[in-house]
Amino acid sequence: MTLGAFLHPFCRPTRDEFITIVRGEGALVWDDEGHEYIDGMASLWCVTVGHGRREIIDAVTAQMRELAVYHCFEPFSNEPADRLATEIASLAPMPDSRIFLTTSGSEAVDSAIKLARLAHVRAGRPGRTLVLSRDRGYHGVTFGGMAAQGLPPNQEGFGPHVEGFENLPADDIEAWAAFMAEHGHRVAAVLAEPVQGAGGVYPPPEGFLEGLRRLCDQHGAYLIFDEVICAFGRLGEWFGATRFGVTPDLITFAKGVSSGYVPLGGVVIAPSVHEPLEADDAYLLRHGHTYSGHPTCAAAGLANLAVLRDDDLLARALIVGARLSAGLRAIEADGLVAEVRGDGAVWAVGLGPDRDAAQVRDRMLGDGVICRPIGPDTLAFCPPLIVSDEQIDRIVDTLASALR
Ligand SMILES: Cc1ncc(COP(=O)(O)O)c(C=O)c1O
């Protein structure tokens, strides 16, 4: 067996057959054999505005002609990065926020964790280092985010892990309250996805996020929302925090901020976190990536935000979600799936114990629809927000016939 040179992410290293995607337009992509697929996952939860948007392509091209790349370490900056940060800060639920920029969700999560710990240190609270997160949480694959994950299979074989992380039950606020009563003085931050995505698409139980906010306030910890999937329209608002009416101290974002056209992510930082860093004028923040504030990525982000606004895609998310979830619930009523979960325009079905999600996915691929198996029994759906009603119906019909 000869394997290709490309070692694929989240893939069996021995896999030697792939579907090679060559083109995308709107909610559709095509492979190199000419098969057409509805992109029911917006690539990996990211292509919110759909494929082939000229506005983003033109903005990126124009920016590359002018200044493709320059770093933003002291003393440099660039106009797209400045404008993007200002725009994201104006959309964020925390007044007077500042924005740190990255090129992935994992970097955003690690940055948020580092900033939370650092802010405590700068504010004279060095004993606060513990980071709490939820079972089933997905927070990326770098060492910080991996340690914070609540999905043990993603941690196996990569140890020793970073110290100072603790997983607590995903939905049980009483367990959190008990833990905080004992250890709250050591907690730097609580890290939580408003809607858990890669762990299976689980919306928060009623009052749970409010409970986390309350516990953080009571015990002096920061609240970090990991909104790598939730932010920028997926839940019908700019941020999941707004969707659920709970205001955190830090918000991580990626994916939808550029619709994935070029790698972009970052952290929204409330004054509670950035002010301690600003207290001493001589202090130098020793954290940042070569591509933090990359001008071409920032130009893509600006153009993407303009498309989201101009095409009213936040409102569209709720329409997409209503139609998709109604279709999935009809399948549930027919007894074909065990459970339907989701919020906004991100949904999943629990297939029940006798089904193999990967098999159903493969069957649907054969019928021209892309979805994503999560674990053995969950299939996720997260289409671009420009998906048509007819395409949503085709996603649902294809799932039903695959299950039948
Ligand atoms: C909630 C959440 N956090 C972090 C990440 C990691 O992002 P990336 O794959 O861009 O590093 C993801 C990716 O799916 C995610 O869903």
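# A guided look at the core, the domains and single residues

Guide: Leaving aside residues up to four places away in sequence, A189 touches I113, A116, V131, A221, Y222 and I224. The model is a predicted one.

Visitor: What makes these residues count as touching A189?

Guide: Two residues are in contact if their C-beta atoms lie within 7 Å. I113, A116, V131, A221, Y222 and I224 touch A189, so the C-beta atom of each of them lies within 7 Å of that of A189.

Visitor: Which residues of the largest nonpolar core touch the most other members?

Guide: The core has 123 residues, and those that touch the most other members are A116, A189, V190, Y222, I224, L250 and I251. Helix α10, residues 295–310, supplies the largest share of this core, with nine residues. At least three residues of the core come from each of domain 1 and domain 2.

Visitor: What can be said of the burial of A189, as a member of the core?

Guide: A nonpolar core is a set of buried residues of certain kinds, and A189 is a member of this core. Therefore A189 is buried, which means that 20 or more other C-beta atoms lie within 10 Å of its own.

Visitor: Where do the two domains run along the chain?

Guide: Domain 1 covers 21–52 + 312–403, and domain 2 covers 55–310. Their centres, taken over C-alpha atoms, are 27 Å apart. In the contact between them, 23 residues of domain 1 meet 23 residues of domain 2.

Visitor: Which element gives the largest share of the side of domain 1 that touches domain 2?

Guide: That element is α11, with four residues. Elements that each supply at least two residues of this side include α1 (42–45), α11 (313–333) and β15 (378–381). By kind, the residues of this side divide into 15 nonpolar, six polar and two charged.

Visitor: Why is T242 called partly exposed?

Guide: T242 has 18 C-beta neighbours inside 10 Å. A buried residue needs 20 or more, and an exposed one has 12 or fewer. The value for T242 falls in between, so T242 counts as partly exposed. T242 belongs to helix α8, residues 240–244, and, leaving aside neighbours within four places in sequence, is in contact with P93 and E237.

Visitor: Why is S388 called partly exposed?

Guide: S388 has 14 other C-beta atoms within 10 Å. This value also lies in between the limits of 12 and 20, and therefore S388 is partly exposed. S388 sits in the loop between β15 and α13 (389–403).

Visitor: Why are A42 and W45 called buried?

Guide: The limit for a buried residue is 20 or more. A42 has 28 C-beta neighbours inside 10 Å and so counts as buried. W45 has 23 other C-beta atoms within 10 Å and is therefore buried as well. A42 is in helix α1, and W45 lies in helix α1 too.

Visitor: What makes the phi values of A42 and W45 worth noting?

Guide: Most residues other than glycine have a negative phi. Phi of A42 is near 45°, a positive value in a residue other than glycine. Phi of W45, again a residue other than glycine, is positive and near 60°.

Visitor: Which residues are joined by a cis peptide bond?

Guide: One such bond joins E74 and P75, with omega about 10°. Another joins G159 and P160, with omega about 0°. Most peptide bonds are trans. P75 is found in the loop between α2 (54–67) and α3 (79–91), and P160 in the loop between α5 (143–148) and β6 (165–168).

Visitor: Why do β12 and β15 count as paired strands?

Guide: Two strands pair if there are at least two bridges between them. Four bridges join β12 to β15, so these strands pair, and they run antiparallel. A348 stands opposite A380 in β15. β15 also pairs with β14 (residues 372–374) in the antiparallel sense over three bridges, and there the bridge partner of I374 is T378. β14 and β15 form a hairpin with three residues between them, and G375 in the turn has a positive phi of about 65°.

Visitor: Which way do the residues of β15 point?

Guide: T378 and A380 point one way and L379 and F381 the other way, and all are buried.

Visitor: How many residues surround the ligand?

Guide: There are 15, and the closest are S104, G105, S106, G140 and V228. Helix α4, residues 105–122, gives the most to this shell, with three residues. The shell divides into six nonpolar, seven polar and two charged residues.

Conventions:
Residues are numbered from 1 along each chain as its sequence is written. This is a predicted model: local features need pLDDT of at least 70, side-chain atom pairs count only at pLDDT 80 or more; totals for chains, interfaces and linings use all residues. A residue is near a molecule or strand if its C-beta atom, placed from the backbone, lies within 6 Å of it. Ala, Val, Leu, Ile, Met, Phe, Trp, Tyr, Cys and Pro count as nonpolar, Asp, Glu, Lys and Arg as charged, and the others, Gly among them, as polar. A nonpolar core is a set of buried Ala, Val, Leu, Ile, Met, Phe, Trp, Tyr and Cys residues joined through C-beta atoms within 7 Å. Domain bounds come from an automatic or database domain assignment.
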